[in-house]
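Work through the exercises below with the sequence and the 3D view at hand. Try each task before reading its solution.

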Amino acid sequence: SLTDLICKQFGTNQLTAEYLVRQMSEPICQVDMDRQKDDQWSELRAMVQEFEEKLSAQLQVSLDYVSQRYAQLNLCHIRLVGGGALVEDLDLRLGKQLGLTVKKLTPSELFKCQPWIGQACQSPILTASLGLALYEL
């Protein structure tokens with residue numbers, strides 16, 4: 001995963017890696033302009049771009065296989081979950097490259113979330129965890 005790559009490359013933990021992904025996903029501001037001069041920030045952006053390219057290529061191979069193996073299947077969209085889904089406009093770029101609709105999937109789209117959970121249910125980063133938790137039930 002993207003956060004695992006960041007942890008390995010920068011010797012950080014998952015929370016810090018997720019924070020960095022979210023920071024890169026925020027709209028450009030003066031702070032970002034200052035960060036772009038930083039070598040580590042540039043390296044991080046390059047890692048994300050490389051991750052996106054590899055993800056797109058791997059998805060295309062899988063889609064090609066599925067379309068040949070299951071010709072009757074009409075695949076029209078992909079759902080994006082996990083830490084990589086936090087990268088701004090990743091869904092749009094992947095959709096353009098793959099020729100499909102790519103949308104982020106949040107827990108609130110799968111279940112009715114209690115009001116006290118609020119914002120957490122709007123994050124695609126928790127969708128995979130929710131799936132794993134339900135699998136254990």
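**Exercise 1. Find the contacts of Ile6.**

Task: Which residues does Ile6 touch, not counting residues up to four places away in sequence?

Solution. Contact means heavy atoms within 4.5 Å. By that rule, Ile6 touches Gly11, Thr12, Ala17, Leu20, Val21, Leu44 and Met47. A word on the model: it is predicted, local features need pLDDT of at least 70, side-chain atom pairs count only at pLDDT 80 or more, and totals for chains, interfaces and linings use all residues. Residues are numbered from 1 along each chain as its sequence is written, and side-chain values use heavy atoms, with hydrogens and water left out.

**Exercise 2. Lay out the chain.**

Task: How many helices and strands are there in the chain, and in what order do they run?

Solution. Helices (H or I, at least four residues) and strands (E, at least two) are DSSP runs, numbered from the N terminus. The chain has 7 helices and 2 strands. Starting at the N terminus, the order is α-α-α-α-β-α-β-α-α. Next, take burial: buried means under 20% relative accessible area, exposed over 50%, and partly exposed in between (1.4 Å probe, protein chains only). Of the 137 residues, 32% are buried.

**Exercise 3. Place helix 1 in the core.**

Task: Which residues of helix 1 are buried, and where do they sit around the axis?

Solution. Helix 1 spans residues 2-10, and its buried residues are Leu2, Thr3, Ile6 and Cys7. They lie on the same side of helix 1, because they cover an arc of only 140° around the axis. The arc is that of the directions from the helix axis to the C-beta atoms. After helix 1 comes Gly11, with a positive phi near 60°.

Now the core. A nonpolar core is a set of buried Ala, Val, Leu, Ile, Met, Phe, Trp, Tyr and Cys residues joined through side-chain atoms within 4.5 Å. The largest one has 24 residues, and Leu2 and Ile6 are among those with the most contacts inside it. Two or more of its residues come from each of helix 1, helix 2 (14-25), helix 4 (39-69), strand 1 (77-80) and helix 5 (90-98). Helix 4 gives the largest share, 7 residues.

**Exercise 4. Read the two sides of helix 5.**

Task: Which residues of helix 5 are buried, and what do they pack against?

Solution. The buried ones are Leu90, Asp91, Leu94, Gly95 and Leu98. Viewed down the axis, they fall within an arc of 130°, so they line one face of helix 5. They pack against helix 4, strand 1 and strand 2 (101-104). On the other side, Leu92 and Lys96 are exposed. Gly99, just after helix 5, has a positive phi of about 75°.

**Exercise 5. Locate the disulfide.**

Task: Which cysteines form a disulfide?

Solution. A disulfide is a covalent bond between the sulfur atoms of two cysteines. The test used here is a pair of cysteine sulfur atoms within 2.5 Å. It gives 1 disulfide. Cys113 and Cys121 form it, with sulfur atoms 2.0 Å apart. The link is left-handed, at -95° about the S-S bond. Cys113 is partly exposed, at 26% relative accessible area. Cys121 is buried, at 7%.

**Exercise 6. Describe Thr127.**

Task: Is Thr127 buried or exposed?

Solution. Thr127 belongs to helix 7 (residues 127-136). Thr127 counts as buried because its relative accessibility is 7%. Beyond its neighbours within four places in sequence, Thr127 contacts Val81, Leu105, Thr106, Pro107 and Leu110.
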